[in-house]
Amino acid sequence: MRTAKIARKTNETEISVSINLDGTGAHNMATGIGFFDHMLDQLSRHSLIDMDVSCNGDLHIDFHHTAEDVGIALGEAIRQALGDKKGIRRYASCDLPMDGTLTRAALDVSGRPFLVFRAEFSRDKVGEMDTELFREFFQAFAMNAGITLHIENFYTDNNHHLAESMFKAVARALRDAVEIDPRAADRVPSTKGVL
């Protein structure tokens, strides 16, 4: 089983994450931020990665530490569950339409973390969540998962759909990238022999 459990405690957040890469998208999110939980639900459901995420953060200050630290812990869990990455497809992308919104996510499970984030919100908040925190989450996630992640929004007419399309596109690409390729199940997908 490609599973992982991460416990992370700082002066700002206390987080517990468990995942199963070969799950069905079963999920339980409790970060204290309703819209963030909704986005994490989408990440789990559309990646088919089982996720249980619990965070007790300093929300009385703001939501920054919670969003970033959940990204760190979830990224660590993905990296740990992937192990030596033998047999994974490694590369994937998804163009995801959502009504008047179109967003692309492309990723490489390379061991070389990098984020390109091209999306502009027209409002400061969606629900109670600061829209600038979506980039912070994906930055922390990519760095700690060890993936190269590109997210680009082509157009949008709705900030809720913009955020949701990003999480769904990343989820679909992640699902494809971490799946085992039956034609190469015993090989690391790199000419170097290691990722």
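These legends walk through several close-up views of a predicted model.

**View 1. The sheet built from S1, S2, S4 and S3.**
Start with the four strands that make an open sheet, set out in the order S1-S2-S4-S3 with mixed pairing. At the edges sit strand S1 (3-9) and strand S3 (27-30), each of which pairs on one side only. Neighbouring strands here are turned against each other by 5° on average, if you ignore direction. Helix H1 (residues 34-47) packs on this sheet, where it touches S3 and S4. The direction of H1 makes about 160° with that of S3.

**View 2. A hairpin and its antiparallel neighbour.**
Zoom in on S1 and S2, which form a hairpin with three residues between them. The two are paired in the antiparallel sense, over seven bridges. To pick out one of the pairs, look for alanine 7, whose bridge partner in S2 is serine 16. Strand S2 (residues 13-20) is also joined to strand S4 (residues 50-57), and these two run antiparallel with eight bridges between them. Here you can find glutamate 14, which has asparagine 56 in S4 as its bridge partner.

**View 3. Serine 18 and its surroundings.**
Stay with strand S2 and find serine 18 there. Is this residue buried, partly exposed or exposed? Serine 18 has 24% relative accessibility, so it counts as partly exposed. Leaving out residues up to four places away in sequence, serine 18 touches Ala4, Lys5, Asp50, Met51 and Asp52. Take aspartate 52 from that group: along the sequence it is 34 residues from serine 18, yet their C-alpha atoms are 5.2 Å apart in space.

**View 4. Helix H2, lying across three strands.**
Helix H2 (residues 64-82) lies across S1, S2 and S4, and it runs at about 35° to S2. From first C-alpha to last, the 19 residues of H2 reach 27 Å, close to the 27 Å expected at 1.5 Å a residue. Most of H2 is covered, with 14 of its 19 residues buried. Just after H2 comes glycine 83, which has a positive phi near 55°.

**View 5. The sheet built from S5, S6, S10 and S7.**
Now move to another open sheet of four strands, ordered S5-S6-S10-S7 and again with mixed pairing. Its edge strands are strand S5 (91-98) and strand S7 (114-118), and each pairs on one side only. From one strand to the next, the twist averages 10°. S7 pairs with strand S10 (residues 148-155) in the parallel sense, over five bridges. One pair to look for is valine 116 with histidine 150, its bridge partner in S10. Helix H3 (residues 132-145) lies across S7 and S10, at about 160° to S7.

**View 6. Aspartate 108 in strand S6.**
Look along strand S6 (residues 101-108) for aspartate 108. Its relative accessibility is 9%, and the cut-off for buried is under 20%, so aspartate 108 counts as buried. What does aspartate 108 touch, apart from residues up to four places away in sequence? The list is Arg90, Tyr91, Ile147 and Thr148.

**View 7. Helix H4, from its start to its packing.**
Helix H4 (residues 159-178) has 20 residues and reaches 29 Å between its first and last C-alpha, close to the 28 Å expected at 1.5 Å a residue. At its start, a side-chain oxygen of asparagine 158 comes to within 2.9 Å of the backbone nitrogen of histidine 160. H4 lies across S5, S6, S7 and S10, running at about 150° to S5. Why can H4 be called largely enclosed by the rest of the structure? Because 16 of its 20 residues are buried.

**View 8. The largest nonpolar core, with phenylalanine 137 in focus.**
The largest nonpolar core has 60 residues. Those with the most contacts inside it are Ile19, Leu40, Leu74, Phe137 and Phe138. H4 gives the most to this core, with eleven residues. Centre the view on phenylalanine 137 and set aside its neighbours within four places in sequence: it is in contact with Phe36, Leu40, Leu43, Ala67, Val70, Gly71, Leu74 and Phe167.

Technical notes: Residues numbered from 1 in each chain as written. Predicted model: local features only at pLDDT ≥ 70, side-chain atom pairs only at ≥ 80, totals over all residues. Heavy atoms only, no water. Expected span 1.5 Å × (residues − 1). Buried < 20%, exposed > 50% of the residue type's maximum accessible area, 1.4 Å probe, protein only. Pairing = 2+ DSSP bridges. Axes fitted to C-alpha atoms, helices over the stretch in contact; angles between N-to-C directions. Contact = heavy atoms within 4.5 Å. Polar contact = N/O pair within 3.5 Å; in protein donor to acceptor, adjacent residues only side chain to side chain. Core = buried A, V, L, I, M, F, W, Y, C linked by side-chain atoms within 4.5 Å.
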